[in-house]
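Biologist: Before we begin, could you take me through this structure slowly, and tell me at each step what a label rests on?

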Amino acid sequence: MFENLTDKLEKAFHILKGHGRITEVNVADTLKEVRRALLDADVNFKIAKEFTNTVKEKALGQKVLTSLQPGQLLVKIVRDEMAALMGGQASDINLQGAPAVILIAGLQGSGKTTFSAKLASYIKRKKGRNPMLVAADVYRPAAIDQLKVLGQQINVPVFSIPENMNPVEIAQKGIEEAKRLGHNVVIIDTAGRLSIDEQMMREIAEIHKTVKPSETLFVVDAMTGQDAVNTAKAFNDVLDYDGVVLTKLDGDTRGGAALSIRATVNKPIKFVGTGEKVDALDVFHPDRMADRILGMGDVVSLVERAQEQYNEEEARKLNKKIATNKFDFEDFYNQIQQIKKMGNVKDLMGMLPGVNKMIKDFDIDENAFKHVEAIILSMTPQERRNPEILNGSRKKRIALGSGRDITEVNRLIKQFEDMKKIMRMMQSGGPRGLAGMMRG
Ligand code: GDP
C-alpha cells in the first residue's frame, strides 16, 4: 500500500538529514520534494500546493529552524496535516432507522458488490446487527449471483427479484421484506456503469429519493487516482452522499485518491477495502493512514487485528503445550491459519514501522505459507503430533507428498524446533500464541 509515495517522502526528508544546520532553504527544498511526491502520487495540483503551504506556515510558526530536532518536528507537522487532509477523525456509519437503510453507489467494477457483502459482515460482527442484502444491480445479472454467493459465505440473506428490471421497486420490496423478517439493517447494492452517464445518475437519484437511506456510501477504486476524485465529485453533486469507500487499497502504490477525496468533496472516507476476501475491510483512520504513508507503520491496527483473532481459551491451551514442550505441527498449522485470518501477510508486515519499504519488492502474498502448509499436511496425524519420529524415510515421503524438496522439509523441521525453543524462552507468563506475541 502506498509504497511509491512513502519512498518519495522518505527521500524528501532525507534532504534535511545531510545538513548539520537546517536552514529555511533546505526546509523549502524538502517541501518542494514533498509536493513533487504528492503530485506523483496523483494528488490534485491545487491540493498539493495548499498542503505544502500550510506545512510551511506551521513550520515557521512552530519555529522548526530553532527547535532541537527540526527534521522530526517537520515530519510531525507533515504527518498531522496529512491526517487532517484525510479528515482528521475516523467517522462511524449511521445505523439509525428501523430498518437502517444503507445505499451503495459507484461505477461498475469499483467493488460495490464485494463491499456490500464486506459491510454486511462487518455490521454483523462488529455492531451485532442482523443485516439483509438487496441485489438491485439489474444490469449485470451476474452481480445478483455474485452477491448471493458472498451472502452465503457470511450467512446473510440476499433479497432479489430476478425478472424485475426496476431497481426502485426491488429496493422498496427488499425493505418491506427486511421488516417482515425482522432484519434491522438493509444494504442495497445498486447498478453501476463503466463511466458516468445520465441514466445511471437519474436511476440512483430516484432510488435515493424513494428509500431515503440512513446512509449513502459511494464506492470508488483507489487505483484510479484522479479519476476516482472526479467520479466522487460527480456522484456527490447528484447524491450528496454521507461517506466514501476506497476499494483496492491493497493494490494502490500511489495514494492520490486517499489524499485528495476528502478535500475535494468534503465527505469522509469511512471504509477501505484491502483485498478480495469478505473480511478485507478496514474502518478508515486518517491518523493511522498518515503514519503508514510516512513509513511509520500502523501498529495500532496490527494489534487490533491480532486481538480480533485472539481467543483466551485457545491461548491458554497453547501456552500449556509450549510449557510442557508439547507444541506440535498441528498447533503450528493452526497458528498459521490464525495469522492468515488476520489478512494478507505483506499487508500485515507493512504495518510495522519501516518494514513497508524493506518488503516492497518481495513477492509475499497470501500464498506465503503454501509450501509450509503442504509439507505439514503431507505428514500423518501421528507425525504431526510427534515430530520426533520424523526420520529420513518419513521426511523423504513427506517431500514427495508435498512436492517440495527434501532440504525444504528439513529446513522447516529445523525452524520448527528452533521456534519451539524460542517460544519456551519467551514464555514469561501470560498466554502467548504467535498472535499473542504480536499482542503482548
Ligand atoms: P462492482 O461491479 O462495483 O459490483 O464490483 P465488484 O464487487 O464485482 O468488484 C470488481 C472486482 O474488484 C472483483 O474482481 C473484486 O474481487 C475486486 N475487488 C473488490 N474490492 C477489492 C479490494 O479491496 N481489493 C482487491 N484487490 N480487489 C477488490
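**Helix H6 and its two sides**

Modeller: In this predicted model, let us begin with helix H6, where Ala-143, Ile-144, Leu-147, Leu-150 and Gly-151 are buried. These residues cover an arc of only 130 degrees around the axis, and therefore they lie on the same side of H6.

Biologist: Which residues of H6 are exposed, and where do they lie?

Modeller: Pro-141, Ala-142, Val-149 and Gln-152 are the exposed ones, and they are found on the other side of H6. The buried residues, for their part, pack against helix H5 (112–127) and against the strands S2 (131–136), S3 (158–159) and S4 (185–190).

Biologist: What makes the reach of H6 close to the expected one?

Modeller: The expected span is 1.5 Å times one less than the number of residues. H6 (residues 141–154) has 14 residues, for which 20 Å is expected, and its first and last C-alpha atoms are 21 Å apart, so the reach is close to the expected value. Helix H13 (residues 312–323) can be treated in the same manner, since its 12 residues reach 16 Å, close to the 16 Å expected.

**Exposed and partly exposed residues**

Biologist: Why is Ala-399 called partly exposed?

Modeller: A residue counts as buried with 20 or more other C-beta atoms within 10 Å and as exposed with 12 or fewer. Ala-399 has 18 C-beta neighbours inside 10 Å, which lies between those cut-offs, and therefore Ala-399 counts as partly exposed. Ala-399 is found in helix H19 (residues 392–402) and, leaving aside its neighbours within four places in sequence, is in contact with Arg-404, Asp-405, Ile-406 and Val-409.

Biologist: Why is Asp-240 called exposed?

Modeller: Asp-240, which lies in the loop between helix H9 (226–239) and strand S6 (243–247), has 12 other C-beta atoms within 10 Å, and because 12 or fewer is the cut-off, Asp-240 is exposed. Asn-266, in the loop between helix H10 (256–265) and strand S7 (269–273), has 9 C-beta neighbours inside 10 Å, and so Asn-266 also counts as exposed.

**Backbone angles**

Biologist: What makes the phi of Asp-240 worth a remark?

Modeller: Most residues other than glycine have a negative phi. Asp-240, however, has a positive value near 50 degrees, and Asn-266 has one of about 55 degrees although it is not a glycine. A positive phi is also found in Asn-155, which follows H6 and has a value near 65 degrees, and in Asn-325, just after H13, with about 60 degrees.

Biologist: How do you know that the peptide bond from Ala-98 to Pro-99 is cis?

Modeller: The omega of that bond is near 0 degrees, and the bond is cis, whereas most peptide bonds are trans. Pro-99 is found in the loop between helix H4 (70–85) and strand S1 (100–106).

**The ligand and the whole chain**

Biologist: Which residues are closest to the ligand, and which class has 13 residues in its shell?

Modeller: Of the 19 residues that surround the ligand, the closest are Gly-111, Lys-112, Thr-113, Thr-114 and Gly-273. H5 gives the most to this shell, with three residues, and the class with 13 residues is the polar one, beside two nonpolar and four charged residues.

Biologist: How many helices and strands does the chain have?

Modeller: The protein chain has 21 helices and eight strands, and 41% of its 440 residues count as buried.

Note on methods:
Residues are numbered from 1 along each chain as its sequence is written. This is a predicted model: local features need pLDDT of at least 70, side-chain atom pairs count only at pLDDT 80 or more; totals for chains, interfaces and linings use all residues. Helices (H or I, at least four residues) and strands (E, at least two) are DSSP runs, numbered from the N terminus. The arc is that of the directions from the helix axis to the C-beta atoms. Two residues are in contact if their C-beta atoms, placed from the backbone, lie within 7 Å. A residue is near a molecule or strand if its C-beta atom, placed from the backbone, lies within 6 Å of it. Ala, Val, Leu, Ile, Met, Phe, Trp, Tyr, Cys and Pro count as nonpolar, Asp, Glu, Lys and Arg as charged, and the others, Gly among them, as polar.
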